[in-house]
Amino acid sequence: MIFKLAHISDIHMGPLPKVRARELMSKRLTGYVNWKRNRSNSMGDGTLSHIVEAVKAANPNHVAITGDLINIGLDAEVSLAASWLKQNWDPSTTSVVPGNHDAYIRGTLAKAINAWKPFMSNEHGEDYGDGSHFPFMRRREDVAIIGASSAVATPAFIAAGRFGTKQAKRLASLLKHAGENGLFRVVLIHHPPVKAATVPRKKLYGIQTFQRVIAEHGAELVLHGHTHLAQRHAIAGPNETIVPVIGVPSASQAPGAKRPAAAFNLFSIEQENGQWKCSLEEHSLTSATGKLTITDQRKLL
């Protein structure tokens, strides 16, 4: 039986809600200017709607959303993203991890996690309200969806993430448990856990820590966002195995801009003769009318 997993990222919901002057007395000012000068012209709600419709039409068993649902950390943005999640996705078949924009200023991450909690909690219903209890794990058939958080508040012009020792210990435990139960393990994280995947001011601090956990305990697939690129990397697993690390363009990027047009990845996961197999299809938006084309097909495992 084939398990289909869809992956989207970097929603960057627009347009921005009305902003009060006092709300811009922080890092938000630079983000607001960036939105007005750049992203508002290339990221639109229509593009996101096309991607959402296409994902639903693919009828996946589960949907992974790897962060950056919002832009500059406004309370109104957090609420709008919560409404968007509720209107479009089922919490039992959709998993979300936060990105750097979801932790734009101090305090934003806790509000976002509290509002989006049904999409990022495990079967035991642990409370992630303070942002310190990631990663979570959800078992869906023979697939373990493990959501880590790299989201931290940073100074202006910095979009870095962090993966520390507390999460590493919990991730190791979850991967070990899922592996012993014969599950296909998918790790979700916003920032790419690969060196040189992005510029230094946007990188993940803790790449070596993350990779050490994977090298020791293994995983079958790692999914990320953040770069707005269709990235394909691999990192070492145990016993000379290789773990695919796959990124996806922003789900809101209109065609014709500098960055790749909006896309979603669809993974087909199955077990054959005791071995896991996984293939990838990338579906990219090719026109403003909403037409999508398969732009990449490959076997990962």
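The following paragraphs describe one sheet of a predicted model and the pairing of its strands.

Residues are numbered from 1 along each chain as its sequence is written, and side-chain values use heavy atoms, with hydrogens and water left out. Because the model is predicted, local features need pLDDT of at least 70 and side-chain atom pairs count only at pLDDT 80 or more, while totals for chains, interfaces and linings use all residues.

Six strands make up an open sheet with mixed pairing, in the order S3-S2-S1-S12-S13-S14. Strands here are DSSP runs (E, at least two residues), numbered from the N terminus, and two of them pair if DSSP finds at least two bridges between them. At the edges lie S3 (94–96) and S14 (292–299), each of which pairs on one side only. On average, neighbouring strands of this sheet are turned by 20° against each other, direction ignored; the axes are lines fitted to C-alpha atoms, and angles run from 0 to 180 degrees between N-to-C directions.

Within this order, S1 (residues 3–8) runs antiparallel to S12 (residues 263–272), and five bridges join them. Lysine 4 stands opposite serine 268 in S12. Serine 268 also has a bridge partner in S13, serine 279.

S12 and S13 (residues 275–285) are likewise antiparallel, joined by 10 bridges. Phenylalanine 264 has histidine 283 in S13 as its bridge partner. The two strands S12 and S13 form a hairpin with two residues between them. In the turn, asparagine 273 has a positive phi of about 55°.

Note on methods
Helix = DSSP H or I, 4+ residues; strand = E, 2+ residues; numbered from the N terminus.
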